[in-house]
Amino acid sequence: MKNTFFLFVVFLILFNSCSSDDTKDRIIGNWQVIEIYSNGEKAEQLGCSEYTYLIINYDFTTTGDFKNYETTPEICNSTGFELNKWRKAGNQYELIDGVEDVVEYTAFFQGENLVIENLSKTIKWFYIPY
């Protein structure tokens, strides 16, 4: 009886570890900007980024949305949310223009923060989960 119970417990542990969702990449989810750097200098204001969030989807697309459309300043309401693509590239990610199929940004994690920077490395956005 003890052997049967022991085998049952081992089976449950193995089954549980095998059934975990290993396909979910940590980049997938909703992200909000907390800091922006331009040419190495921290920006004093987040601009329209403070009213929006980034959505990174399972299907390797990215888009965005307004946190609250009603409280977003009118100048920011014209902010377009393009449907772009993303892919994993080694220890980082590449964000790709959905039309031209050109890599525009790289992304990586710094601690729990998602960091996205343009290829010229002049602008860097720091995100936290939203």
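**Exercise 1. Decide whether K42 is buried, partly exposed or exposed, and find the residue with which its side chain forms a salt bridge.**

Solution. With a relative accessibility of 47%, K42 is classed as partly exposed, because that class covers the values between the limit for buried, under 20%, and the limit for exposed, over 50%. This value, like the others below, is computed from a predicted model. The next step is to look for the partner, and here the side chain of K42 meets that of E35 in a salt bridge, with 3.2 Å from N to O. Such a distance fits the rule that the nitrogen must lie within 4 Å of a carboxyl oxygen. Turning to the partner, E35 has a relative accessibility of 22% and therefore also counts as partly exposed.

**Exercise 2. Work out which parts of the chain are tied together by the salt bridge between D101 and K85.**

Solution. Begin with the pair itself: D101 and K85 form a salt bridge in which the closest N and O atoms are 2.9 Å apart. Then place each residue, since D101 belongs to the loop between β6 (92-96) and β7 (103-110), while K85 belongs to strand β5 (residues 84-89), so that the pair ties together parts lying 16 residues apart in sequence. As a last step, consider the surface of K85, which is partly exposed at 32% relative accessibility.

**Exercise 3. State how many salt bridges the structure holds, and describe the one between E94 and R87 together with the accessibility of each residue.**

Solution. In total, the structure holds 6 salt bridges. In one of them the side chains of E94 and R87 meet, at 2.6 Å from N to O. The two partners fall into separate classes, for E94 is buried, with a relative accessible area of 18%, whereas R87 is partly exposed, with 39%. Elsewhere, salt bridges that share partners join E117, K121 and K124 into one network.

**Exercise 4. Locate D25 and I36, and list the residues that each of them touches, leaving aside residues up to four places away in sequence.**

Solution. Taking D25 to begin with, we find this residue in the loop between α1 (2-18) and β1 (29-38). D25 counts as buried, because its relative accessibility is 14%, and under the stated condition D25 touches W86, K88 and Y93.

I36, by contrast, is located in strand β1, and its relative accessibility of 11% places I36 among the buried residues. Its contacts, under the same condition, are E41, K42, A43, L46, S49, I123, K124 and W125. For a further distance, note that the C-alpha atoms of I36 and G47 are 9.5 Å apart, the two residues being separated by 11 residues along the chain.

**Exercise 5. Find the disulfide, give its handedness, and explain which parts of the chain it ties together.**

Solution. A search of the whole structure yields 1 disulfide, which is formed by C48 and C76, with their sulfur atoms 2.0 Å apart. The torsion about the S-S bond is about -80 degrees, and therefore the disulfide is left-handed. Because C48 lies in the loop between β2 (41-42) and β3 (52-56), and C76 in helix α2 (residues 74-77), the pair ties together parts that are 28 residues apart in sequence. Finally, compare the accessibility of the two cysteines: C48 is partly exposed, with a relative accessible area of 26%, while C76 is buried, with 3%.

Terms used. Residues are numbered from 1 along each chain as its sequence is written. This is a predicted model: local features need pLDDT of at least 70, side-chain atom pairs count only at pLDDT 80 or more; totals for chains, interfaces and linings use all residues. Side-chain values use heavy atoms; hydrogens and water are left out. Buried means under 20% relative accessible area, exposed over 50%, partly exposed in between (1.4 Å probe, protein chains only). Helices (H or I, at least four residues) and strands (E, at least two) are DSSP runs, numbered from the N terminus. Contact means heavy atoms within 4.5 Å. A disulfide is a pair of cysteine sulfur atoms within 2.5 Å.
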